[in-house]
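Here are a few friendly notes to read alongside the coordinates. I hope they help you find your way around.

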Amino acid sequence: MSEDFEPKLVGFLCNWCTYTGADLAGTSRMKYAPNLRAIRVMCSGRIDPTFIVKALVEGADGVLIGGCHFGDCHYQEGNYKTMRRIPILLKLLKQFGIEPERVRLEWISASEGRKYADVINEFTETIRKLGPLGLTKPNVEPLAEGVAANG
Amino acid sequence: MVNLKINGTEVEVPEGSTLLQATKQLDIYIPTLCHHEGIIPYGACRMCTVQMVRRGIPQLVSACTYPCEEGVEIFTDNEEVIHARKIIIELLLARCSTVPILREMAETYGIDKSRFGEDRKGCILCGLCARMCHEIVGVTALSFVDRGTERFVSTPFGKPSEDCIGCGACAFICPTKNITIEDIDKRNVLHHELLMGHNKAIRLPFMQAVPNVPYVDHDTCIHYQTDKCLWCEKICPKEAINHDMEDSHTEVEVGSIVLATGFKTFDPKVVVELGYGKLPNVITSLEFEKLNSAAGPTGGEILMESGEPPKSVAILHCIGSRDHNYHDYCSRVCCMYSLKFAHLVREKTHAHVYELYIDMRSFGKGYEEFYDRVMEEDVDVIRGRVAEVTDFAELPEETGKLIVVCEDTMIGAFRRLPVDMVILSIALEARDDAAEIGRIFNISRTADGFFKELHPKLGPVSTATAGVFIAGCCQGPKDIPDTVAQGGSAAANAISLADKGVVEIEPITSFIDPDKCAGCKVCISVCPFTAIEFDEEKKISVVNEALCQGCGTCAAACPSGVAKSRHFTTEQILAEIEGVLKV
């Protein structure tokens with residue numbers, strides 16, 4: 001694990017809460033790690049587990065899923081579905097030898113710019129400690145090596 | 001009906017009326033002490049004594065208890081009556097020589113001193129308080145104790161009565177004002193509220209209320225505590241009062257909603273160092289407004305609790321605002337109304353005014369000019385936060401005053417300002433139920449608890465929920481001009497929706513490819529808006545695009561990947577993932 005490892009993170013952020021929260025963190029000029037690449041979805045319920053696997057396979061070291069707090073979902077119950085989907089995916093990832101810490105589920109409301117910045121910093125540090133995931137495209141050999149290396 | 005003659009005038013009264021009621025019909029004044037409308041007459045004070053002549057035989061009777069009889073003649077102010085009343089007053093004076101109402105009556109009847117001695121008791125033993133408590137309030141917390149000359153009114157065993165509900169009716173009705181209410185165990189009325197004029201259970205919410213009709217306050221109305229009283233129902237000539245009325249829920253179907261749920265004021269009791277609620281004459285800005293109001297308890301006079309006008313007043317800005325312990329935000333309105341207070345206090349009392357501020361924010365149209373004007377009125381403006389308000393005097397000139405301890409950052413020194421009155425300019429905060437309201441309308445709130453607008457510049461009155469608009473202080477603290485402007489904007493937005501007759505919906509909706517759908521109905525089970533229906537004929541699921549809100553949950557759940565969320569299709573997102581990870 002080299003010291004200058006910069007984790008690549010992908011974030012799937014719900015349009016109404018976490019994405020707006022990220023916006024708030026930005027407009028409030030808060031400083032946080034630049035490692036996360038945000039992808040906007042209308043609702044955290046839109047996040048197909050395939051997206052997360054795809055991101056990891058494409059070279060992401062960690063994936064953040066951001067939704068609304070329970071009861072705050074703009075679409076009434078999308079976040080409840082996410083809450084149920086993600087643990088199943090985590091179980092699956094574990095079987096593939098991928099640390100479950102690499103996929104993080106967070107509820108961040110539109111007013112929690114501070115929380116968003118803190119979560120990004122914290123998550124970046126977690127992944128920095130875990131080291132690179134080392135998966136690349138599935139048709140390339142290092143997939144197996146990466147799994148073996150991360151045990 | 002009964003016919004009788006009063007002072008030579010024929011009068012007809014309903015059967016069972018008392019002589020007092022009959023005289024009222026002719027507008028004849030008879031002095032009374034122990035009589036009160038609505039309470040069964042008792043005839044204790046005898047002040048209402050009149051002469052009744054029945055079959056030529058005159059006799060003195062008490063008008064409040066004596067029933068009218070056919071053919072009798074009544075004299076209310078002849079020599080015998082006056083003589084009898086004089087003796088009664090003398091007898092009452094012998095017991096209570098200092099009671100103002102008795103002294104007044106004695107003066108009218110030309111009596112200077114009682115021949116029967118002099119005592120300084122306050123109670124004339126009329127029993128109104130005990131009768132009020134028993135008959136109207138319905139609790140019997142007071143009654144007569146002992147007999148004859150030893151008689152007095154008391155609570156059981158002279159201790160605070162357990163039955164007392166602290167309504168204050170006894171003190172209200174006492175003709176000699178001999179009963180005072182004390183706050184024991186929080187069961188009684190708060191003096192502070194009495195000062196501010198909130199002592200009636202039936203009142204107008206405030207002078208400019210719309211509709212301008214009184215309401216019954218369930219918390220203080222005796223009826224809701226003891227199930228008795230209903231005095232107002234008996235007295236109201238229009239029979240407009242109904243205590244059995246309950247809150248009812250009405251369902252109204254509407255196309256758009258404007259939320260203008262307002263704000264709550266900060267409770268300065270939590271800032272213990274300011275002494276609010278403990279020290280007298282430390283009041284909030286809203287209480288000052290009440291004092292200053294021409295329709296308020298003092299008729300607009302600025303008075304301390306002692307009834308004297310203050311000689312010096314300190315106005316403390318930013319109580320609960322711009323404070324990391326309470327609210328970080330600026331409440332926007334306090335600077336300007338505090339300056340207005342300074343102007344009013346100077347104008348009405350000529351008292352010395354101190355303004356203690358952090359920053360003076362006179363931001364609006366004409367506000368800076370007003371600030372300049374107040375500065376010319378000899379107002380002592382101190383830039384600095386107040387550390388404490390205390391009544392602990394360190395110097396002789398501080399005795400009996402409130403001392404405002406502060407740092408004057410302009411001269412770089414600590415100061416102690418002895419003043420008579422302290423006004424706290426309290427913060428505006430989100431209402432306690434804002435979270436619940438936000439949840440009902442599915443609109444989010446900012447970190448300070450106020451409702452969040454869709455966009456601070458592009459959608460200042462719109463919310464994330466289509467058709468729901470916000471206006472006024474529920475969106476954030478603001479003054480009246482801003483509130484009016486926002487309210488107008490919200491109303492116009494709401495009307496324009498109705499006026500157009502059509503509603504534009506977002507293009508982001510789901511779409512199910514009819515050729516590939518297997519008809520598994522998973523999408524139907526996950527859709528929170530029941531926007532997907534099953535076509536029984538074709539055995540496929542179909543999206544109703546008018547109902548679909550575009551969350552994409554169905555697209556995530558579709559096992560065959562044919563449910564697509566427009567503008568957020570799986571292909572698009574996957575491409576996005578590839579894109580962000582290329583670098």
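**Notes on the two-chain model**

1. Let me start with a small spot: Cys229(B) sits in the loop between α7 (223–226) and α8 (231–235) of chain B. Its phi is near 70°, a positive value in a residue other than glycine. Is Cys229(B) buried or exposed? Cys229(B) has 23 other C-beta atoms within 10 Å, so it is buried, given that the cut-off for burial is 20 or more. Please keep in mind throughout that this is a predicted model.

2. A second residue with an unusual backbone is Leu125(B), which has a positive phi of about 60° although it is not a glycine. Leu125(B) belongs to the loop between α3 (100–108) and α4 (128–137) of chain B. Here the surroundings come out as partly exposed, because Leu125(B) has 17 C-beta neighbours inside 10 Å.

3. If you are checking peptide geometry, have a look at Val210(B) and Pro211(B) too. The bond from Val210(B) to Pro211(B) is cis, with omega near -5°. Pro211(B) is in the loop between β8 (202–203) and β9 (215–216) of chain B.

4. On confidence, the model scores ipTM 0.86 and pTM 0.67. Chain B averages a pLDDT of 89, and 97% of its residues score at least 70. Where does the pLDDT of chain B fall below 50? That happens over residues 185–191 of chain B, a stretch that has 13 contacts in the model beyond near neighbours in sequence.

5. Now for the chains themselves. Chain A contains five helices and four strands, and along its sequence they follow the pattern β-α-β-α-β-α-β-α-α. Of its 151 residues, 49% count as buried. Taking the contacts in chain A with a separation of 6 or more, 78% are between residues 24 or more positions apart.

6. Chain B has 583 residues, of which 32% count as buried. Its secondary structure amounts to 16 helices and 25 strands. Among contacts in chain B between residues at least 6 apart in sequence, 57% join residues at least 24 apart.

7. One sheet in chain B is worth tracing on screen. As a reminder, strands of a sheet pair through backbone hydrogen bonds, either parallel or antiparallel. In this open sheet five strands take the order β12-β19-β13-β14-β15 (chain B), and the pairing is parallel. Why is one side of β12 (282–284) and of β15 (380–383) of chain B left without a neighbour in the sheet? β12(B) and β15(B) stand at the edges and each has a single partner strand, so one side of each has no neighbour there. Direction ignored, neighbouring strands of this sheet are turned by 20° against each other on average.

8. A helix lies against that sheet as well. Helix α10 (residues 334–349) of chain B packs on the sheet and touches β13 (312–319), β14 (352–357) and β19 of chain B. The direction of α10(B) makes about 175° with that of β13(B). Back at the edge, β12(B) runs parallel to β19 (residues 421–426) of chain B, and three bridges join the two. Thr284(B) stands opposite Leu424(B) in β19(B).

9. Next, the interior. Which residues have the most contacts inside the largest nonpolar core? They are Val63(A), Cys523(B) and Cys554(B), in a core of 63 residues. Helix α4 (residues 113–130) of chain A supplies the largest share of this core, six residues. Leaving aside neighbours within four places in sequence, the contacts of Cys523(B) are with Ile512(B), Ile532(B), Ser541(B), Cys554(B), Ala557(B), Cys558(B) and Ala563(B). Another core, of 60 residues, lies apart from the largest one; Tyr357(B), Ile426(B), Ile470(B) and Ala471(B) are among its members.

10. Last comes the interface, where 28 residues of chain B are in contact with 29 residues of chain A. On the side of chain B that touches chain A, α15 (553–557) and α16 (570–582) of chain B each supply at least two residues. The largest share of that side, eight residues, comes from α16(B). Sorted by class, the side of chain B that touches chain A has 14 nonpolar, nine polar and five charged residues.

Notes. Residues are numbered from 1 along each chain as its sequence is written. Chains are lettered from A and ligands numbered from 1 in the order in which they are written. This is a predicted model: local features need pLDDT of at least 70, side-chain atom pairs count only at pLDDT 80 or more; totals for chains, interfaces and linings use all residues. Two residues are in contact if their C-beta atoms, placed from the backbone, lie within 7 Å. Ala, Val, Leu, Ile, Met, Phe, Trp, Tyr, Cys and Pro count as nonpolar, Asp, Glu, Lys and Arg as charged, and the others, Gly among them, as polar. A residue is buried if 20 or more other C-beta atoms lie within 10 Å of its own, exposed if 12 or fewer, and partly exposed in between; C-beta atoms are placed from the backbone. Two strands pair if DSSP finds at least two bridges between them. Axes are lines fitted to C-alpha atoms, for helices over the stretch in contact, and angles run from 0 to 180 degrees between N-to-C directions. A nonpolar core is a set of buried Ala, Val, Leu, Ile, Met, Phe, Trp, Tyr and Cys residues joined through C-beta atoms within 7 Å. pLDDT is the predictor's confidence in each residue, from 0 to 100.
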